[in-house]
Amino acid sequence: MNTVQRVFGAFFHLFYPHVCAGCGSDALPASSELCLSCLHGLPVTGFENHPDNPVEKIFAGRLRIEEACAQYYFLKQSSIQEVLHQLKYSGNRALGHQLGVLLGTALKRSERFNTIDLIVPMPLFSSRQRERGYNQAEILCAGIAAVMDRPVCKQLVYRSERTASQTKKNRIDRWNNMQGKFRIADGTPGRGRHLLLVDDVVTTGATLEACGSVLLEIPDVKLSIAALCFASD
Ligand SMILES: [Zn+2]
């Protein structure tokens with residue numbers, strides 16, 4: 001790097017600082033959104049290698065899935081909380097792509113996900129996506145696709161409208177209220193495929209279950225699930 005590049009780089013950094021999305025340190029590789037300490041400190045679950053892992057248990061008896069996993073444990077007051085916040089609310093797309101690549105790498109190494117045909121992001125309401133400017137699950141999917149070499153299908157399933165206020169509804173009403181909000185688009189290429197439904201966080205699994213049950217109405221379809229984080233309430 002010559003002097004001009006160094007001066008320009010320092011000047012650029014002053015106005016557009018490249019800092020770690022986990023801890024704010026500026027000691028990180030130019031190609032990464034996380035410093036090495038945060039990257040290696042992410043609380044990996046290893047679920048992708050284990051049938052009957054805690055994410056699969058969530059859906060047992062509720063949703064007919066092939067495989068399911070989440071890449072990291074969600075821990076409050078930790079770098080993963082900050083990372084997730086930046087992905088969901090701060091528009092850090094480069095971070096989302098990097099996390100998608102990490103998730104895709106784990107899925108590819110695990111032979112349990114090697115029959116996936118299509119990668120499907122959990123849809124947002126179109127109004128929510130307009131407000132936010134992006135869908136974080138789509139960004140994760142692009143990173144996964146880059147590693148697994150499978151197409152992303154954003155048009156397969158969508159949310160038809162904002163879910164009405166759930167506060168005065170009981171559990172069954174809430175479920176019906178949620179389930180009715182997902183629709184399969186006409187003429188989609190899901191038939192006979194093994195779909196990987198991707199979301200940022202799995203907690204109770206209610207949204208993934210509602211979306212997944214609609215996807216399973218496609219003839220001869222198989223469904224697996226991958227989330228970035230697992231929050232165990
Ligand atoms: Zn860091």
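What percentage of the 233 residues in the chain do buried residues make up?

**Figure 1. Overview of the predicted model.** Buried residues account for 47% of the 233 residues. The chain contains 9 helices and 6 strands. Its accessible surface is about 12,300 Å², with 51% belonging to carbon and sulfur atoms. Among contacts with a separation of 6 or more, 75% join residues 24 or more positions apart.

**Figure 2. Close-up of the zinc ion and its donors.** Four SG atoms coordinate the zinc ion, from C20, C23, C35 and C38, at 2.3 Å. The 4 donor atoms subtend angles of 105 to 113°, so the arrangement is tetrahedral. For four tetrahedral donors, the ideal angle is 109.5 degrees.

**Figure 3. Close-up of C23 and C38 in the zinc site.** The donor residues follow the spacing C-x2-C-x11-C-x2-C in sequence. C23 sits in the loop between α1 (3–15) and α2 (36–41), and C38 sits in helix α2, so this pair ties together parts 15 residues apart in sequence. Are these two cysteines buried or partly exposed? C23 is partly exposed, at 47% relative accessible area. C38 counts as buried, at 8% relative accessibility.

**Figure 4. Close-up of helix α4 and what covers its buried residues.** Helix α4 spans residues 79–89. Its buried residues are I80, V83, L84, Q86, L87 and K88. In an α-helix, residues three or four places apart point the same way, because there are 3.6 residues a turn. The cover over the buried residues of α4 includes strands β1 (68–73), β5 (194–202) and β6 (222–230). Helices α5 (93–109), α6 (126–132) and α7 (136–148) are also part of that cover. Just after α4, G91 adopts a positive phi of about 65°.

Conventions
Residues are numbered from 1 along each chain as its sequence is written. This is a predicted model: local features need pLDDT of at least 70, side-chain atom pairs count only at pLDDT 80 or more; totals for chains, interfaces and linings use all residues. Side-chain values use heavy atoms; hydrogens and water are left out. Donors are N, O and S atoms within 2.8 Å of the metal (3.2 Å for Na, K and Ca); water is not among the atoms, so sites may look incomplete. Four donors count as tetrahedral if all angles lie between 85 and 135 degrees; four count as square planar and six as octahedral if opposite donors are over 155 degrees apart and all others between 65 and 115; anything else is irregular. Helices (H or I, at least four residues) and strands (E, at least two) are DSSP runs, numbered from the N terminus. Buried means under 20% relative accessible area, exposed over 50%, partly exposed in between (1.4 Å probe, protein chains only). Contact means heavy atoms within 4.5 Å. Accessible areas come from the Shrake-Rupley method with a 1.4 Å probe; for residues, only the protein chains shown count as cover.
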